[in-house]
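Biologist: Before I rely on descriptive terms for this structure, I should like to hear the reasoning behind each of them. Could you take me through it?

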Amino acid sequence: MLVSLENAGIFRSNKWLVRGVSMGVEPGEIVTLIGPNGSGKSTTAKLALGVLATDEGTASRKEKLRASYVPQKLKLSPTLPLSVARFLCLTNKADRHQITAALRATETDHLAAEQMVNLSGGEFQRVLLARAILCSPEFLVLDEPVQGVDFNGELALYKLIEDIRNRLDCGILLISHDLHVVMSTTDRVICLNGHVCCSGTPANVASSAEFKSLFGERAASGLAFYEHRHDHEHRPDGSIETRDSAPDGRRGPEGGVSPPPASQKISSANPANPNRNNQDKVNQDV
Amino acid sequence: MFDDFFTRALIGGIGVALVAGPLGCFIIWRRLAYFGDTLSHSALLGVALALLLELNITFAVFVVSVIVSLLLVILQRRASLSSDALLGLLAHSALAVGLVVLAFMTWVRVDLMGFLFGDILSITTFDLTLIWGGGLFVLAVLARIWRPLFAATVSYELATAEGIKPDQANVIFMVLMAAVIAVSLKIVGVLLITALLIIPAAAARRFASSPEQMAVTAIVVGVVSVWLGLNGSLEFDTPAGPSIVVAALLCFVLSLIPIKVPYLRK
């Protein structure tokens, strides 16, 4: 066990932010915290990391645990002259090779010399993730890691997270609102609302009564995602790469956008069998 | 060479600029400008206590500054007042208590102006040893805690989560601040110490693309300001401390002029 909380609670400003939370993260396991706003997801993550101390119960971590953290919010002062590359070695020593590899994994290697304050929201988020995976952590806490990232990037980053788990065998504590993605990549889901409402495999949680009352019937029954194909890819620097070698003349009338291919389908996420063989090129070299 | 009062002033001033640069950067990054003010205001209480107990002034100022910063940390945890209110409270009560204590000591004739605005031209060789010895020590300690301190400056939570102990670095940083204020009291005086910390660092910001670069540039700006200010003070017969601050201000204004700096991408 990398990290474990036993009946942990934290009391601030006359109320319990979370109470009676028991959970653990094993190596190679993705545990996801879900729950409505203000349900204590970030607080629980901070308890697990030791950023906050428990007021009740215990939080224990493996000795000399190499932890990495992508916080939900990180506001950098514009007075800080801080390049992306320098930001990556904030808490770790890393050589140029490792930095480039980590940035390439999140498709941000072209930003290495850029100042952090000049990044867009999505770019910033990708760089945060690159920093977290830089020095092969044992325990990774990702608090809404893909907020502000575009749709294609979002799926790619979730695949990257899964790939990191597979390659480094690290334990991941993930906080996310993307229920459909969560259900397809997670080993264990913990549904939080000030306390642990329910927990278990994604399939069990999705069918539980607590989950339905917290997220509504629609969320529980509609855990399916819309899959479609692109005939081209946009590289991070803005150029376009054709994937299916489709001749340019066959582009749609709107200019550039092709009609939906016939293979588009509605597939239901299969939570019991997370899709681990991803062929996305993003994952090739970290 | 140290016989000349002007040379002593110059060497002392440069010694202070050397430490003020990097520490000033942290003050700007951490939005601690008012904290520096609080410490320097309380320096006058240190002066009063030193005269009362016949202690070394620099030492007494250092001790009082450390006590005030610790008080601040304790009050921040306990009291329900915001930090700026607490800083104002500490700064001005310490200043007022210092002035009252000085007034009680009728047997001591103090040149108050000298402490408020500095008396760089009266620097002794012993002061120089203190400034350079203390200064180099401060720089050495700062270099040692640079990584954790900088990580904690960027994000306290991130640093804590990833096993860096930021609290330790923060406390050491406060003590270093107290030391710098104690040694620079004679150069620029209570009211202008913060200026010497902040203005060179602010002027350096635009020319820096990394934190280390900003610290070094701040040192250069500080040294140039000391040299310009002292020469100007000699030339125009103006008070030395304020002249140095005016020179630093000129550097800052120059840094605002939009010229293309070739080695900067942004």
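Modeller: Let me begin with burial: a residue is buried if 20 or more other C-beta atoms lie within 10 Å of its own. Please bear in mind that this is a predicted model.

Biologist: Which residues of H1(A) are buried by that criterion?

Modeller: In helix H1 of chain A, A:Lys41, A:Ser42, A:Thr43, A:Thr44, A:Ala45, A:Lys46, A:Leu47, A:Ala48 and A:Leu49 are buried.

Biologist: Why is H1(A) called largely enclosed by the rest of the structure?

Modeller: Nine of the nine residues of H1(A) are buried, and therefore the helix is largely enclosed by the rest of the structure. Just after this helix, A:Gly50 adopts a positive phi of about 85°.

Biologist: What makes S2(A) and S4(A) the edges of their sheet?

Modeller: The sheet is open and has three strands in the order S2-S1-S4 (chain A), paired antiparallel. Strand S2 (15–25) and strand S4 (56–61) of chain A each have a single partner strand, so one side of each lacks a neighbour in the sheet. On average, neighbouring strands here are turned by 25° against each other, direction ignored.

Biologist: How do you know that S1(A) and S2(A) pair?

Modeller: Two strands pair if DSSP finds at least two bridges between them. Strand S1 (residues 3–12) of chain A and S2(A) share seven bridges, in the antiparallel sense, so the criterion of at least two bridges is met. Within this pairing, A:Val3 stands opposite A:Val25 in S2(A). Helix H1 (residues 41–49) of chain A packs on this sheet, touching S1, S2 and S4 of chain A, and its direction makes about 125° with that of S1(A).

Biologist: Why is the sheet with the order S5-S6-S7-S3-S8-S9 (chain A) called open, and which strands stand at its edges?

Modeller: This open sheet has six strands with mixed pairing. Strand S5 (67–70) and strand S9 (196–200) of chain A stand at the edges; each has a single partner strand, so one side of each is left without a neighbour in the sheet. Its neighbouring strands are turned by 15° against each other on average, direction ignored.

Biologist: In which sense do S3 and S7 of chain A pair?

Modeller: Strand S3 (residues 30–34) and strand S7 (residues 171–175) of chain A pair in the parallel sense over four bridges. There, A:Leu33 stands opposite A:Ile175 in S7(A). Helix H4 (residues 121–133) of chain A lies across S5 and S6 (139–143) of chain A, at about 175° to S5(A).

Biologist: Why is H1(B) called roughly perpendicular to H9(B)?

Modeller: Helix H1 (residues 5–29) and helix H9 (residues 193–205) of chain B pack at an angle of about 75°, with their axes 7 Å apart. Angles of 65 to 115 degrees count as roughly perpendicular, and H1(B) is therefore roughly perpendicular to H9(B). The contact residues comprise 13 nonpolar, two polar and no charged. Among them are B:Val16 and B:Ala17 in H1(B), and B:Leu196 and B:Pro200 in H9(B).

Biologist: What makes chain B as compact as a globular protein of its length?

Modeller: Chain B consists of 11 helices and zero strands as its secondary structure. Its radius of gyration is 18 Å, close to the 18 Å given by the globule rule for 266 residues, so chain B is as compact as a globular protein of that length. Of those 266 residues, 49% count as buried.

Key. Residues numbered from 1 in each chain as written. Chains lettered and ligands numbered in written order. Predicted model: local features only at pLDDT ≥ 70, side-chain atom pairs only at ≥ 80, totals over all residues. Axes fitted to C-alpha atoms, helices over the stretch in contact; angles between N-to-C directions. Helix = DSSP H or I, 4+ residues; strand = E, 2+ residues; numbered from the N terminus. Parallel < 35°, antiparallel > 145°, perpendicular 65-115°, else oblique. Contact = placed C-beta atoms within 7 Å. Nonpolar A, V, L, I, M, F, W, Y, C, P; charged D, E, K, R; others polar. Buried ≥ 20, exposed ≤ 12 C-beta atoms within 10 Å, placed from the backbone. Rg over C-alpha atoms; globule rule 2.2 N^0.38 Å.
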